[in-house]
Amino acid sequence: MKNLTFNQKRTYVRKLIEKYANQLNTPIPTLRFKAGSGKRTQYHEDMLVYGSNYNNGEEIFINLNLHRHLSDYDNTVAHEFLHTIKPNLPHGMLFDNYIKQIRRGENELAVPFWTRFLDKLTWSKPYDCRA
Ligand SMILES: [Zn+2]
């Protein structure tokens with residue numbers, strides 16, 4: 001992917017955003033590609049993460065430089081959309097399972113059978129979108 005230009009990466013990510021917004025019936029978010037807008041100090045942390053979700057999915061930041069493979073963009077974009085449609089779901093096994101479902105093209109996420117065994121366990125990690 002090293003030979004892709006910034007514009008080619010951006011085009012790829014924009015198409016992904018449209019695909020997942022359609023699939024999940026959510027508004028198309030405003031895309032941010034650069035940190036440090038000055039509006040929010042949080043943007044300054046963005047250079048270290050793959051993606052971030054702001055204002056319940058109104059804005060999504062995708063770090064174009066940090067990803068190594070095109071499929072990593074799919075994962076990050078699906079990840080950020082999942083924050084939009086499941087805002088209270090912590091990172092963890094269920095979160096990762098839903099990402100796989102989104103990437104498979106599902107539009108209604110199915111609760112996996114094994115979640116019944118997770119009641120007493122905590123799988124959450126801090127919100128940093130690095131996973
Ligand atoms: Zn996240």
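**Exercise 1. Helices H1 and H2**

Task: In this predicted model, determine at what angle the axes of helix H1 and H2 cross, and classify their orientation to each other.

Solution.
Step 1. Two packed helices are described by the angle between their axes and the distance between the axes.
Step 2. Helix H1 comprises residues 6-24, and helix H2 comprises residues 70-85. Their axes come within 10 Å and cross at roughly 40°.
Step 3. Angles under 35 degrees count as roughly parallel, and 65 to 115 as roughly perpendicular. The angle of roughly 40° fits neither class; H1 and H2 are therefore oblique to each other.
Step 4. The handedness of the crossing of H1 and H2 is right-handed.

**Exercise 2. The contact of H1 with H2**

Task: State which residues of H1 and H2 meet, and how the residues of this contact divide into nonpolar, polar and charged.

Solution.
Step 1. H1 contributes Tyr12, Val13, Leu16, Ile17, Tyr20 and Leu24.
Step 2. On the side of H2, the residues are Leu70, Tyr73, Asp74, Val77, Ala78, Phe81 and Ile85.
Step 3. Sorting the residues of this contact gives twelve nonpolar, no polar and one charged.

**Exercise 3. Helices H2 and H3**

Task: Describe how H2 and helix H3 pack, and give the make-up of their contact.

Solution.
Step 1. Helix H3 spans residues 93-103; its axis and that of H2 are 9 Å apart, at an angle of about 115°.
Step 2. H2 and H3 are therefore roughly perpendicular to each other.
Step 3. The crossing of H2 and H3 is right-handed.
Step 4. From H2, the contact uses Asp74, Asn75, Ala78, His79, Phe81 and Leu82; from H3, Phe95, Tyr98, Ile99, Ile102 and Arg103.
Step 5. The residues of the contact of H2 with H3 divide into seven nonpolar, two polar and two charged.

**Exercise 4. The sheet and its helix**

Task: Establish the order of the strands in the sheet, and identify which strands H2 touches.

Solution.
Step 1. The sheet is open and has three strands, in the order S1-S3-S2, with mixed pairing.
Step 2. Strand S1 (30-32) and strand S2 (51-54) are the edge strands, each pairing on one side only.
Step 3. From one strand to the next, the twist averages 20°.
Step 4. S1 and strand S3 (residues 59-62) run parallel and are joined by three bridges. Arginine 32 has phenylalanine 61, in S3, as its bridge partner.
Step 5. Helix H2 packs on the sheet and touches S2 and S3; the direction of H2 makes about 20° with that of S2.

How values were computed: Residues are numbered from 1 along each chain as its sequence is written. This is a predicted model: local features need pLDDT of at least 70, side-chain atom pairs count only at pLDDT 80 or more; totals for chains, interfaces and linings use all residues. Two strands pair if DSSP finds at least two bridges between them. Helices (H or I, at least four residues) and strands (E, at least two) are DSSP runs, numbered from the N terminus. Axes are lines fitted to C-alpha atoms, for helices over the stretch in contact, and angles run from 0 to 180 degrees between N-to-C directions. Two residues are in contact if their C-beta atoms, placed from the backbone, lie within 7 Å. Angles under 35 degrees count as roughly parallel, over 145 as roughly antiparallel, 65 to 115 as roughly perpendicular and the rest as oblique. A crossing is left-handed if the near helix is turned anticlockwise from the far one by less than a right angle, and right-handed if clockwise. Ala, Val, Leu, Ile, Met, Phe, Trp, Tyr, Cys and Pro count as nonpolar, Asp, Glu, Lys and Arg as charged, and the others, Gly among them, as polar.
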